[in-house]
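User: Hello! I am new to this structure and would like to learn how to read it. Could you walk me through it step by step?

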Amino acid sequence: MREDDAAFAARAAARAEWPVRVFRLGEEPPEGLDTTPEQRIEMMWEMAVQAYGMAGIPIPDYDRAHTPIRLVRRGEP
């Protein structure tokens, strides 16, 4: 088994533990999130850490002033 095959298998095994719920289209439960904005940000951070870990790349480390963005103004192609 090559090294990247082992890494792929490890990431696949980690994904197997994700809590997933499946619903038929139109039969989804109502969107009743009983969480605070702070709790949702905390959940998003955990997902970001996991995503970067599965991708095998480091989490970017730059301040807000240097965040890479693209500004598209109305009417510009």
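User: Where is the place of Arg-74?

Analyst: Happy to help! This is a predicted model, and Arg-74 sits in the segment after H2.

User: Is Arg-74 buried or exposed?

Analyst: A residue counts as exposed when its relative accessible area is over 50%. Arg-74 has a relative accessible area of 86%, so it is exposed. For a sense of distance, its C-alpha atom and that of Glu-17 are separated by 43 Å, with the two residues 57 apart along the chain.

User: How many helices and strands does the protein have?

Analyst: The secondary structure comes to 2 helices and 0 strands. The radius of gyration is 18 Å, well over the 11 Å that the globule rule gives for 77 residues, so the protein is more spread out than a compact globule. Along the principal axes, the C-alpha atoms fill a box of roughly 50 × 40 × 30 Å. Buried residues make up 1% of the 77 residues.

User: What should the 19 residues of H2 span?

Analyst: Here a helix is checked at 1.5 Å a residue. H2 should therefore span 27 Å, and its end C-alpha atoms are 27 Å apart, which agrees. Just after H2 comes Gly-56, which takes a positive phi of about 75 degrees.

User: Which way do residues along a helix point, and why?

Analyst: An α-helix has 3.6 residues a turn, so residues three or four places apart point the same way. One residue to look at in helix H2 is Gln-50. Gln-50 is partly exposed, because its relative accessible area is 34%, a value that falls between the 20% and 50% cut-offs. The C-alpha atoms of Gln-50 and Tyr-62 are separated by 19 Å, and these residues are 12 apart along the chain.

User: Which residues make the nonpolar surface patch?

Analyst: Trp-18, Val-20 and Val-22 make this patch, which covers about 350 Å². Val-22 belongs to the loop between helix H1 (3–15) and helix H2 (37–55). With a relative accessible area of 73%, Val-22 is exposed.

User: And how much area does the protein expose?

Analyst: The protein exposes about 7800 Å², and carbon and sulfur atoms supply 58% of it.

Definitions and conventions: Residues are numbered from 1 along each chain as its sequence is written. This is a predicted model: local features need pLDDT of at least 70, side-chain atom pairs count only at pLDDT 80 or more; totals for chains, interfaces and linings use all residues. Side-chain values use heavy atoms; hydrogens and water are left out. Patches are made of residues with over 30% relative accessible area and no salt bridge: like charges are joined within 9 Å, nonpolar side chains (Val, Leu, Ile, Met, Phe, Trp, Tyr) within 5 Å. Accessible areas come from the Shrake-Rupley method with a 1.4 Å probe; for residues, only the protein chains shown count as cover. A salt bridge is a side-chain nitrogen of Lys or Arg within 4 Å of a carboxyl oxygen of Asp or Glu. Helices (H or I, at least four residues) and strands (E, at least two) are DSSP runs, numbered from the N terminus. Buried means under 20% relative accessible area, exposed over 50%, partly exposed in between (1.4 Å probe, protein chains only). The expected span of a helix is 1.5 Å times one less than its number of residues. The radius of gyration is taken over C-alpha atoms; the globule rule is 2.2 Å times the number of residues to the power 0.38.
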